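Reader: I should like to learn how to read the features of a structural model. May we begin with the overall fold and then proceed to single elements?

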Amino acid sequence: MIHGFIPPERFFAYLTWQDIEMMTEKENTVIIQPIGAIEQHGYHLPLIVDAAISQGVLGKALSLLNPTIPAYSLPTLYYGKSNEHDGFAGTISLSAHTLYSLIEETVISIYQAGFRKLILMNSHGGQPQIMEIIARDLHQKFPDLSIFPLFTWKVPNITNELLTPEEKELGIHAGDAETSLMLALLPHQVKMDLAVKEYPRNLSSNLLSMEGNLPFAWLTREVSETGVMGDATVATQEKGYQILASLAQGWVKVIEEVYQF
Ligand SMILES: [Zn+2]
């Protein structure tokens, strides 16, 4: 089904143009663009992880959202900017410029339809900066457009409580959290027998890190053999259900706040 994890009554592309023309509270209606990536996630996870997480978490959140709050999911943007995974077969990467234009032109269309509140819900760690630049540029161009460049995992949620300290710091890709969540969302696409534990190698600095306050630019192939950065072997479906429920609750709160913003 084309709406995937999104409840059909919350799927923007199932509306007709007249449904949209006749909407009464369009300026407060929350439009959400789920954004992912098609990129390698080790031996055990499919390429679609980041897109599946955006759509899966959003679908769960929309199913819990008070039906009186108008909110719609746009079709998931599957492709992202994934050039840090260059060299791993199957990774599909848009340039920053292409991704910027694609989202910019999508948002302008939504604005022209009369909507004034839009969330960019991104699950891929390689592109939050692009979302922030787009949001600032479009808000400057259309000051009455409220636009929110948000990262799926940053809403209030319990994930960190379920991870070891080492995993919290170094498990940045295809590790415990993503694998557990995928076991909840798409269990038949996870090959747990191929899961590995691999933390980034060649990290010699105390001050400089991959994703900390003082980061350096990196490519996955420089720090990982399998493509995993984290411990996927300890992932469980039970943890995945807990993470999914908690992220969805966090997203319900965010959508409510955007509605009232
Ligand atoms: Zn990922």
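**Overall burial and architecture**

Author: In this chain, 44% of the 261 residues count as buried. A residue is buried if 20 or more other C-beta atoms, placed from the backbone, lie within 10 Å of its own, exposed if 12 or fewer, and partly exposed in between. The model is predicted, and local features need pLDDT of at least 70, side-chain atom pairs count only at pLDDT 80 or more, while totals for chains, interfaces and linings use all residues. Residues are numbered from 1 along each chain as its sequence is written.

Reader: How many helices and strands does the chain have?

Author: Helices (H or I, at least four residues) and strands (E, at least two) are DSSP runs, numbered from the N terminus. The chain has 8 helices and 6 strands, in the sequence pattern α-β-α-β-α-β-α-β-α-α-β-α-β-α.

Reader: How should one read a helix such as H4?

Author: An α-helix has 3.6 residues a turn, so residues three or four places apart point the same way. Helix H4 covers residues 128–141. Its buried residues are Ile130, Met131, Ile134, Ala135 and Leu138. Seen down the axis of H4, these fall within an arc of 135 degrees, so they line one face of the helix; the arc is that of the directions from the helix axis to the C-beta atoms. The face turned away from the buried side carries the exposed residues Gln129, Arg136 and Gln140.

Reader: Against which elements do the buried residues of H4 pack?

Author: They pack against helix H3 (96–112), strand S3 (117–122) and strand S4 (146–151). Contact requires C-beta atoms, placed from the backbone, within 7 Å.

Reader: Which way do the residues of S3 point?

Author: In a regular strand the side chains alternate between the two faces of the sheet. In S3, Lys117, Ile119 and Met121 point one way, and Leu118, Leu120 and Asn122 the other. Of the 6 residues of S3, 6 are buried, so the strand is largely enclosed by the rest of the structure.

Reader: In which sense does S3 pair with S1 and with S4?

Author: Two strands pair if DSSP finds at least two bridges between them. S3 pairs with strand S1 (residues 30–35) in the parallel sense over 6 bridges, and Ile32 stands opposite Ile119. S3 and S4 also pair in the parallel sense over 6 bridges; there, Leu120 has Pro149 of S4 as its bridge partner.

Terms used:
The expected span of a helix is 1.5 Å times one less than its number of residues. Two residues are in contact if their C-beta atoms, placed from the backbone, lie within 7 Å.
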